[in-house]
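Me: I am new to this structure and would like to go through it slowly, one question at a time. Could you reason through each answer before giving the name or value?

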Amino acid sequence: MTFDDKSLEIPESMPMLPVRDIVVFPYMILPLFVGRDPSIKAVEEALAKNRLIFLASQKEITEENPTAETIYEVGTIAMIMRMRKLADGRVKVLIQGIAKGKIEKFEQHQPNFVVKVTKIEEPSITAPSIELEALVRTVKENLEKIISLGKVLSPDILMVLEDVADPGRLADLVASNLGLKVFDAQGILETVDHKERLRKVNDFLVKELELLAVQARIRNQAKDEMTKSQKEYFLREQMRAIKSELGEQDSKGEEIEELREKIEACQMPEPAEKEALKQLARLERMHPDASEATMVRTYIDWLVDVPWSKNTEDNFDLDRAKAILDEDHFDLKKIKDRILEFMAVRKLKSRMKGPILCFVGPPGVGKTSLGKSIARSMGRQFVRISLGGVKDEAEIRGHRRTYVGAMPGKIIQALKQAGTNNPIFVLDEIDKLGSDFRGDPSSAMLEVLDPEQNFAFRDHYVNLDFDLSNVMFLATANILENIPQALRDRMEVIQLSGYSEEEKQIIAKKYLIKKQTEENGISERHIEFKDDGIKSLISNYTKEAGLRNLEREIGSVCRKVAKQVAQGDDSKVVVTAKIVEKLLGPAKFLDEDDLEKNEVGVSTGLAWTQFGGEILYIEATKMKGKGALTLTGQLGDVMKESATAAMSYVRSHAKELGVDESLFSEFDLHLHIPAGAIPKDGPSAGITLTTALVSLLTGIAVRKDVAMTGEITLTGKVLPIGGLKEKSLAAMRHGIKDICIPFRNIKDLEDIPEEFRKKLNFIPVKSITEVLDVALEKKISTLKREAPSGSGDKSRKKARMVAGAA
């Protein structure tokens, strides 16, 4: 076939050269470097014939061996003007595009492509329309603007364009100089219509103009006083603008999308999600290096990490829960029943407010470990925060985000740590909250621990309502009086008294010995604890209400045995009282010596301490004087007042008690409570002091096997006391069987384990006269009964009935 006025014959079949990263347009002259063997063979075949070769672009630039399916159908018929072989085996050819063509058929694939080509004829233009003329002018003007903004093009391009009248050729010439992507350039090549082709080229020119305008604006902004950081900012902005124009997603965009997916996935309440998306939009508009961007990103991370809707399913198997609580803790019946009651109600009613319990008791009685057991029994997560020494309100409610380094408060932080919105949340040492100029944390806790408010708890940092009503709060404290009244009112207080020696012995056998032998690498074949050895550890080496020191002493014994085993001695050590003294040295604490006989002026009282119950021997003596009363033994104000009340009662009832009234004017009286170095106070020694005084002044000895506790009034009534369980067990340890207790304390006998109640004889009394009848060796003949005859016997009988029923 012939081609235009030059009469160039274009054969139907010709060799094809696939080109990787460029689209060759008609009339385009450019060098190509050919390195693949099939491509070199195609060049050689074309040179051997008529120098004509078909150039088609690959769809995939990286493909090394293209196939018919991965090569565009439309390409350019070109003439090889010059060829030179290079030293590295490649071939450099200079080609000129002649006309567009379309592959009709692949006639040969090996050793090189040979294709059947149909030439694409350019449509003829009889008379150019106004729209087409406008497009031509617009393209030329935009190209001039691009060159003026710094786009590097061939210096002769504008001169060449002036001589080009054909719209199609103009479009091809401009497109070939813009450096377009293969896909975009191929689209222009395949467009036959002049007008449509010019319009596409103009669109690319407009985009290029916008990109160059952004670059120019950035350059102008960064031109003055260009510092290192400003230079980096300019380069990043330039890179971002380029990527944006090219449609490429940058790392910041990926990060934004990742955050958006997290926000959608964490199922926030509507207000929280709205705020999170608002802050995300702000972050998207900020530069990554801006200081505020870091703050916003951190805030969004916190919103995403807070467990708005994540919770754990409660295990409502009450038998399993009871077994776990019994396995982990001895006794503590009230607390275990309260937890089982809560689980039972939750089983019947799915939506209810979590209880807010406060365990109050001395150190080491298991308040915090109870929280772990409760979490295990219910199948919930466990989280704990310590409030001891917290003085800043912001530690509870968080800091406002305007502050540098602001963070949420301990409540939100702990919930993030738990990962659920219904954990067992232990507020340790709530009685040790402080306050200073930064606020009062206990006031902030009012909102946290109020079921009517905590469904909308607002942390200053998060600044959104969070529902705490699903959380089960457990507070712990040593001293209830140190907790502000308003805060105490919001909690259900459960008292944990100290363990008796008998309870400690049981706990040591069931829990502590097993734990310490495992922790120290020994077993039952290396060590065996006898009852007297455990008792010696409890009474002679510890003085505490809890179990921490006892566990340490047991651990100390186990370590000494472990050392023996490590040295090769595998014999079994049987820990008795003598072995304990041999391993740990002399006893650290000694009990009060028991009275050997009934004595005048010496009565046995019972006292409660944070380490448990103790007995107190109150001694009274008289010497020549004028009736003064001396008190010694580091007595507190309450106990001093009790002694004064006792003295007043005895003096006012001297005749009834058989006391010579002249004694009060001729003798001074002295009351002493050993040991003198230990402070003593409390409202339960009144009847003991009175008994000692009456015994001294009447000369009647006090029975050594009777202990007593109770306060006295000026009329001789006996008032109720606390700590009856601990006091009773202290009396039992010293071999005392009869205990005088206030009549109104009969109800407290139920707190004493049944096996201990059976060993003791509780004598409830309403007045001091009943106490004296029991405590003194013989009754005072002149005593006038204030209570009806036989009231003491009836009371004792009733107490025994209550004890037996309990």
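Me: Which residue forms a salt bridge with glutamate 133?
Reply: In this predicted model, glutamate 133 lies in helix α2, and its partner lies in that helix too, 4 residues apart, about one turn of the helix. Glutamate 133 is partly exposed at 36% relative accessibility, while the partner is exposed, with a relative accessible area of 54%. The closest N and O atoms of the pair are 3.8 Å apart, and the partner is arginine 137.

Me: Why does arginine 137 count as exposed, and what is the relative accessible area of arginine 137?
Reply: A residue is called exposed when its relative accessible area is over 50%. Arginine 137 is placed in that class because its relative accessible area is 54%.

Me: How far apart are the closest N and O atoms in the salt bridge of aspartate 301 with arginine 297?
Reply: Both residues belong to helix α10, which covers residues 291–305, and since they are 4 residues apart they are separated by about one helical turn. Aspartate 301 is partly exposed, with a relative accessible area of 24%, and arginine 297 is likewise partly exposed, at 23%. The closest N and O atoms of this salt bridge are separated by 3.1 Å.

Me: How many residues apart are arginine 338 and glutamate 492?
Reply: The side chains of arginine 338 and glutamate 492 meet in a salt bridge, with an N to O distance of 2.8 Å. This pair links distant parts of the chain, with arginine 338 in helix α12 (residues 333–348) and glutamate 492 in strand β13 (residues 492–495), and the separation is 154 residues.

Me: Is arginine 338 buried or exposed?
Reply: The class of buried residues takes in relative accessible areas under 20%. Glutamate 492, its salt-bridge partner, has a relative accessible area of 32% and is partly exposed. Arginine 338 has a relative accessible area of 19%, so the word for arginine 338 is buried.

Me: Which residues are joined into one network by salt bridges that share partners?
Reply: Two members of the network have already appeared as a pair in helix α10, namely aspartate 301 and arginine 297. With a further glutamate included, the network consists of Glu255, Arg297 and Asp301.

Me: How many disulfides does a search of the whole structure find?
Reply: Cysteines are present, among them cysteine 266, which is buried with a relative accessible area of 9%, and cysteine 558, which is buried with a relative accessible area of 0%. A disulfide would need a pair of cysteine sulfur atoms within 2.5 Å. The number of disulfides found in the whole structure is 0.

Me: What is the omega of the peptide bond from glutamine 110 to proline 111?
Reply: Most peptide bonds are trans. The bond from glutamine 110 to proline 111 is cis, and proline 111 is placed in the loop between β5 (91–108) and β6 (114–119). The omega of this bond is near -5°.

Me: What is the phi of asparagine 463?
Reply: Most residues other than glycine have a negative phi. Asparagine 463 sits in the loop between β10 (457–458) and β11 (465–466), and it is partly exposed, with a relative accessible area of 40%. Its phi is positive, with a value near 60°.

Terms used
Residues numbered from 1 in each chain as written. Predicted model: local features only at pLDDT ≥ 70, side-chain atom pairs only at ≥ 80, totals over all residues. Heavy atoms only, no water. Buried < 20%, exposed > 50% of the residue type's maximum accessible area, 1.4 Å probe, protein only. Salt bridge = Lys/Arg side-chain N within 4 Å of Asp/Glu carboxyl O.
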